[in-house]
Amino acid sequence: MTSSGSGSSGDIFDVKRIRRLVELMNEHELAEIDLRQADQRIRLRKGGEPLVTTAPVRPAPAPAAAAESTSAIAAPAKVDGKDTIVIKSPMVGTFYASASPDSPPFVKVGDHVGPQTTVCLVEAMKVFNEIPAEVSGQIVAVCVETGEPVEFNQPLFKVDSRQ
């Protein structure tokens with residue numbers, strides 16, 4: 001993206017740049033944008049309270065640590081009765097069940113999860129986003145395979161909340 005006439009190409013708070021990011025979010029139906037460059041970060045998220053943050057970014061040794069945990073915009077939805085909850089993708093991207101091809105999956109059928117448990121990664125715009133379960137229960141189904149593209153609100157996991 002080109003810098004505006006503000007004179008500082010590194011000013012992430014440039015109003016024109018933020019407006020353009022919001023336009024891109026609307027144009028591509030994105031729920032969240034999380035961009036990082038050097039020690040600057042900007043994250044815009046639709047829904048709930050507006051969020052624009054900056055924080056120092058630490059160099060990451062593995063893709064799993066490349067993104068801080070993000071809250072799923074698509075809240076888990078109950079299906080097939082009152083005890084099965086679906087964890088949905090909060091964004092468009094590529095699904096990864098593990099941090100690297102050699103690592104075991106974050107969760108598998110039969111595992112118990114809590115609200116803060118990372119269940120997968122969704123890569124969007126070269127950023128790996130950790131997706132938390134946001135519910136407690138036992139994983140009863142994994143709906144997506146590693147490397148598959150996922151859409152916003154697409155089911156990723158089914159969780160039995162009775163467990």
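The lining of the second largest pocket in this predicted model comprises, by class, eight nonpolar, two polar and two charged residues. The volume of this second largest pocket is about 160 Å³, and its walls are formed by Leu30, Ala31, Glu32, Ile33 and Asp34, together with Met91, Val92 and Gly93, and with Ala124, Met125, Val127 and Asn129. Among the secondary-structure elements, strand 1 (32-37) and strand 8 each contribute at least two residues to the lining of the second largest pocket, with strand 1 giving the most, namely three residues.

Strand 8 also takes part in an open sheet, in which four strands follow the order 8-7-5-10 with antiparallel pairing. The edges of this sheet are strand 8 (127-132) and strand 10 (149-150), each of which pairs on one side only. Strand 5 (residues 93-96) runs antiparallel to strand 10, and two bridges join them. Within this pairing, glycine 93 stands opposite valine 150 of strand 10, and Gly93 is also one of the residues that line the second largest pocket.

With regard to the cysteines, a disulfide is a covalent bond between the sulfur atoms of two cysteines. Under a cut-off of 2.5 Å between cysteine sulfur atoms, the count of disulfides comes to zero. Cysteine 120 counts as buried because its relative accessibility is 0%, the limit for this class being under 20%. Cysteine 143, by contrast, has a relative accessibility of 34% and therefore counts as partly exposed, since this class lies between the buried limit of under 20% and the exposed limit of over 50%.

Terms used
Residues are numbered from 1 along each chain as its sequence is written. This is a predicted model: local features need pLDDT of at least 70, side-chain atom pairs count only at pLDDT 80 or more; totals for chains, interfaces and linings use all residues. Side-chain values use heavy atoms; hydrogens and water are left out. Two strands pair if DSSP finds at least two bridges between them. Buried means under 20% relative accessible area, exposed over 50%, partly exposed in between (1.4 Å probe, protein chains only). On a 1 Å grid over the protein atoms alone, a cavity is a set of points where a 1.4 Å probe fits but cannot get out, and a pocket is an open set with protein on both sides within 12 Å along at least five of seven lines; lining residues have an atom within 4 Å of a point. Grid points are joined across faces, edges and corners, and a volume is the space filled by probe spheres set on the points. Ala, Val, Leu, Ile, Met, Phe, Trp, Tyr, Cys and Pro count as nonpolar, Asp, Glu, Lys and Arg as charged, and the others, Gly among them, as polar.
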